[in-house]
Amino acid sequence: RYSLFYNHLKNIEESEGGLDKFTKSYKTFGVNQLADGGIYCKEWAPGAEAVFLAGDFNGWNPSSHPYKKLEYGKWELFIPPEDGQSPVPHGSKLKVVIRAQNGALLYRISPWARYVVRDEDKVNYDWVHWNPPQSYIHKNPSPKRLKSLRIYESHVGIASPEGKVASYKNFTYNVLPRIKDLGYNCVQLMAIMEHAYYASFGYQVTSFFAASSRYGTPDDLKEMIDVAHSMGITVLLDVVHSHASKNSEDGLNQFDGTDSCFFHSGYRGNHQLWDSRLFDYANWEVLRFLLSNLRMWIEDYRFDGFRFDGVTSMLYHHHGIGTGFSGDYNEYFGLHVDEDALCYLMLANHMINTLHPECITIAEDVSGMPALCRPVAEGGGGFDYRLAMAIPDKWIQIIKELKDEDWNMGNIVHTLTNRRCEEKYIAYAESHDQALVGDKTLAFRLMDAEMYTNMSVLMPLTPVIDRGIQLHKMIRLITHALGGESYLNFMGNEFGHPEWLDFPRIGNNESYHYARRQFNLTEDDLLRYKFLNAFDRDMNKLEERFGWLASPQAYVSEKHESNKVIAFERAGLIFIFNFHPYQSYVDYRVGNWHSSLTVAFKYKILLDSDAGEYGGHQRLDHNTEYFSEAYPHNYRPNSIMV
């Protein structure tokens, strides 16, 4: 694999003048404004017989501005300035006109288009030339690379209690302060790359270089990222390079009139479950397109890194369809692995690490591909983190299938600690996947219909709500503290958002009722959502203070099946969880370790899920001091009584 990567890198150096020049192609391809006011255009359309530029600027004449054919399927066009002014004004509509091999004229949006919009009375998107007289100027430097990542997974369009598509401006001034207050230091933005179908959650991308216009302008997004940086918040883009929308009128599909171009032709070029097109990662121009795309988001918008979606689909020719992964190494090495896609991921991470070493990359891989998060120089994939995707599935299985008294402590600990040493994992109890219609969030699984009737503090605390609130806090804390080297939460889940997520579509009469986040619920003192919100905030603040995510893996001293107790140490803290449905304990001995065998260490409660401010029953005295004694317990040299 490293040899394949190295050969690609060597070819880029020899034929393109180096990785830096190769990945700057976003500045020359598409339609670009020159300093003298002229316009330079460049496209890759290997299947085209001829290429033209048409638009408002030439009265939509499909043949007045022909491109010149270059080598390797490339085409270029230079339009001189008119009296020192651009011949293509800012805001004017454009189309690349392709004469296909069958003679048909195809009106296409450039794959490199920076801004596309859809009029309300139209189905398809239009390409709009974006060249404002004064572009947004970033004022704040990007934050330094974080040791502990506490990620707030977000979607701009649903980030409002109102039933509408929310804006970049709304996120900037209403949501970012909330994220900062909750103690998250990183926001991961979904559905930014333009996608014609809103209900695709942003995963059916049509224009890879365009920020979604349904939330505002490119400058609005730049301002949003700049303000996040001013708060010390790192901003990651959920990037979709695993597949592309099948749209041809306003997407990449059949751009040059052929079935291939950016994609594999025939069966291999189609994803049978996602109904989308699959990139040909062995193609030189596809590598140019995708690598330049990453660089554009970093350098133009100042994103601080990426979460790569659908990595499992990229890694294997079977795309993970109908395939289980047990951890056997035969599942990761063989002819079923798409080495071209893996090589692209190695190139992408190498480019990012070389040109922008402060950036972070995350792999969404359910297979557990070994070394995916090791450096490229070691033959690894080069990612910094991978998602611990087994954890949310385990919590769902436990809540859905087991009685409380049947919870297996050893199985919970195994799931939370089952990761390869020196590959960093992002732990999460739930993400956007669990919030979507057809699934249920943890809060909804725990409390279900009673969330609509019994979340008021004026109502008696029912057993269902009591159990749900307590387990919601405990599940999130043990996942945060034991499950990985980073933590992720999907917006609204921190306070147990009461409804699923469903985008407007024909099946729900195009309703926005469930395509929103009701942040206002946490601001109502009469509702119990405030308890979960406060616990999530203080949990993050405690991690910020002690940095357990950046510490070595925890030492688990106890996983007691009959007592339903889990105890472990990490970052100098002792975490103790009592999952028993009805049994409390007095003078419970917990083993621990500290550096001195002669000095008695003193411990105090820092975070208590049973505290009143978190909707608990206040059964513990926070003024109590707990002294460690040289009494070995559970293979630890010391212990405390709690």
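Buried here means under 20% relative accessible area, exposed means over 50%, and partly exposed is what falls in between, with a 1.4 Å probe run over protein chains only. By that yardstick R636 and E569 are both buried. The model is a predicted one, so local features need pLDDT of at least 70 and side-chain atom pairs count only at pLDDT 80 or more, while totals for chains, interfaces and linings use all residues. Residues are numbered from 1 along each chain as its sequence is written, and side-chain values use heavy atoms, with hydrogens and water left out.

R636 and E569 also pair up: they form a salt bridge (a side-chain nitrogen of Lys or Arg within 4 Å of a carboxyl oxygen of Asp or Glu), with the closest N and O atoms 3.0 Å apart. This pair ties together distant parts of the chain, 67 residues apart, with E569 in strand 23 (residues 565-570) and R636 in the loop between strand 27 (626-627) and strand 28 (638-641). Helices (H or I, at least four residues) and strands (E, at least two) are DSSP runs, numbered from the N terminus. Elsewhere, salt bridges with shared partners join E16, K74, E285 and R288 into one network. The count comes to 40 salt bridges by this rule.

Two other pairs sit at less hidden positions. R374 bridges to E378, the closest N and O atoms being 3.1 Å apart; R374 counts as partly exposed at 24% relative accessibility, whereas E378 is exposed, at 51%. K440 pairs with D448 at 3.4 Å between the closest N and O atoms, and both are partly exposed, K440 at 33% and D448 at 32%.

Now to the annotated region. The unreviewed UniProt entry places "domain: Glycosyl hydrolase family 13 catalytic" at residues 162-478; UniProt positions are in the numbering used here, feature names are shortened, and annotations may be inferred rather than shown by experiment. The span is 35% helix and 12% strand, and its end C-alpha atoms lie 33 Å apart.

The same unreviewed entry marks D309 and E364 as "active site". Although spread over 56 residues of sequence, they cluster in space, with a largest C-alpha distance of 5.4 Å. D309 lies in the loop between strand 17 (305-308) and helix 6 and counts as buried at 8% relative accessibility. E364 is found in the loop between strand 18 (360-363) and strand 19 (385-387), and is buried too, at 13%. Leaving aside residues up to four places away in sequence, D309 touches (contact means heavy atoms within 4.5 Å) Y203, D238, V239, V240, S242, M314 and E364. With the same neighbours left out, the contacts of E364 include R307, F308, D309, L387 and M389.

G324 makes a contrast: it is exposed, with a relative accessible area of 56%, in the loop between helix 6 (311-315) and helix 7 (339-355).

As for packing, a nonpolar core is a set of buried Ala, Val, Leu, Ile, Met, Phe, Trp, Tyr and Cys residues joined through side-chain atoms within 4.5 Å. The largest has 170 residues, and those with the most contacts inside it are F171, W297, Y344 and W395. Helix 7 gives the most to this core, with ten residues. Apart from it lies another core, of twelve residues, among them I360, Y385, L387 and Y428.
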